[in-house]
Amino acid sequence: MSSGFSQVEKSKPPATQRVTAAPVTKVTIPAGKSATVELPFRVTPGYHINSNKPNSELLIPTALSVSPPTNIYVATTYPPGEDRSFPFSPGEKLNVYTGDFAVSALVRAARTTPPGTYRVKGLLKYQACDDRACYPPGQLPVAFDVKIGKAASTGRHRRNPAQSPHVHQ
């Protein structure tokens with residue numbers, strides 16, 4: 001994952017951006033099939049963000065919303081966070097992401113999806129904190145391409161058997 005992040009770090013994200021995303025390689029799947037895409041993220045050193053299940057209803061969970069094109073379905077799975085204690089919440093362990101983490105996206109194309117390349121766009125919503133304070137919620141746009149090929153043959157559809165060339169009377 002480090003080579004993808006080095007490209008992002010060279011582009012110098014805004015100083016208030018406390019999470020970055022590495023580029024995602026295009027995924028290729030036949031229509032009617034699925035594949036998993038890993039979406040890698042990096043939390044800026046010195047910060048943490050709440051996990052998807054932060055152990056408190058008062059905290060803003062990290063959430064990735066996606067807007068796939070018609071006939072493409074995406075389901076996300078979040079990694080487990082790490083339970084940590086912080087000076088601003090003594091006696092309470094918060095479930096957070098630090099450093100690098102990846103959200104898995106199961107991408108499935110309907111059997112009727114025409115072949116082509118489609119862009120899936122999304123938005124990672126998070127709240128970053130350091131050891132002293134939490135900052136206003138942030139958003140990070142993400143996108144990846146899905147190349148849909150022809151539907152794979154199931155082998156169930158067979159041609160009609162050859163007909164006899166003889167004419168019966």
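In what order do the 4 strands of the open antiparallel sheet stand? The order is 1-3-9-6, and the pairing throughout this open sheet is antiparallel, where strands are DSSP runs (E, at least two residues) numbered from the N terminus and two strands count as paired if DSSP finds at least two bridges between them. The edges are formed by strand 1 (19–21) and strand 6 (72–77), each of which pairs on one side only. On average, neighbouring strands of this sheet are turned by 30° against each other, direction ignored, the axes being lines fitted to C-alpha atoms and the angles running from 0 to 180 degrees between N-to-C directions. The model is a predicted one, in which local features need pLDDT of at least 70 and side-chain atom pairs count only at pLDDT 80 or more, whereas totals for chains, interfaces and linings use all residues. Residues are numbered from 1 along each chain as its sequence is written, and side-chain values use heavy atoms, with hydrogens and water left out.

Within the antiparallel sheet, strand 3 (residues 34–43) and strand 9 (residues 100–109) are joined over 9 bridges in the antiparallel sense, and Thr36 stands opposite Leu106 in strand 9.

Another open sheet consists of 4 strands in the order 2-12-10-5, with mixed pairing. Strand 2 (27–30) and strand 5 (63–67) each have a single partner strand and stand at the edges, so one side of each is left without a neighbour in the sheet. Here, too, neighbouring strands are turned by 30° against each other on average, direction ignored. Strand 2 pairs with strand 12 (residues 138–149) in the parallel sense over 4 bridges, and Thr28 has Lys147 of strand 12 as its bridge partner.
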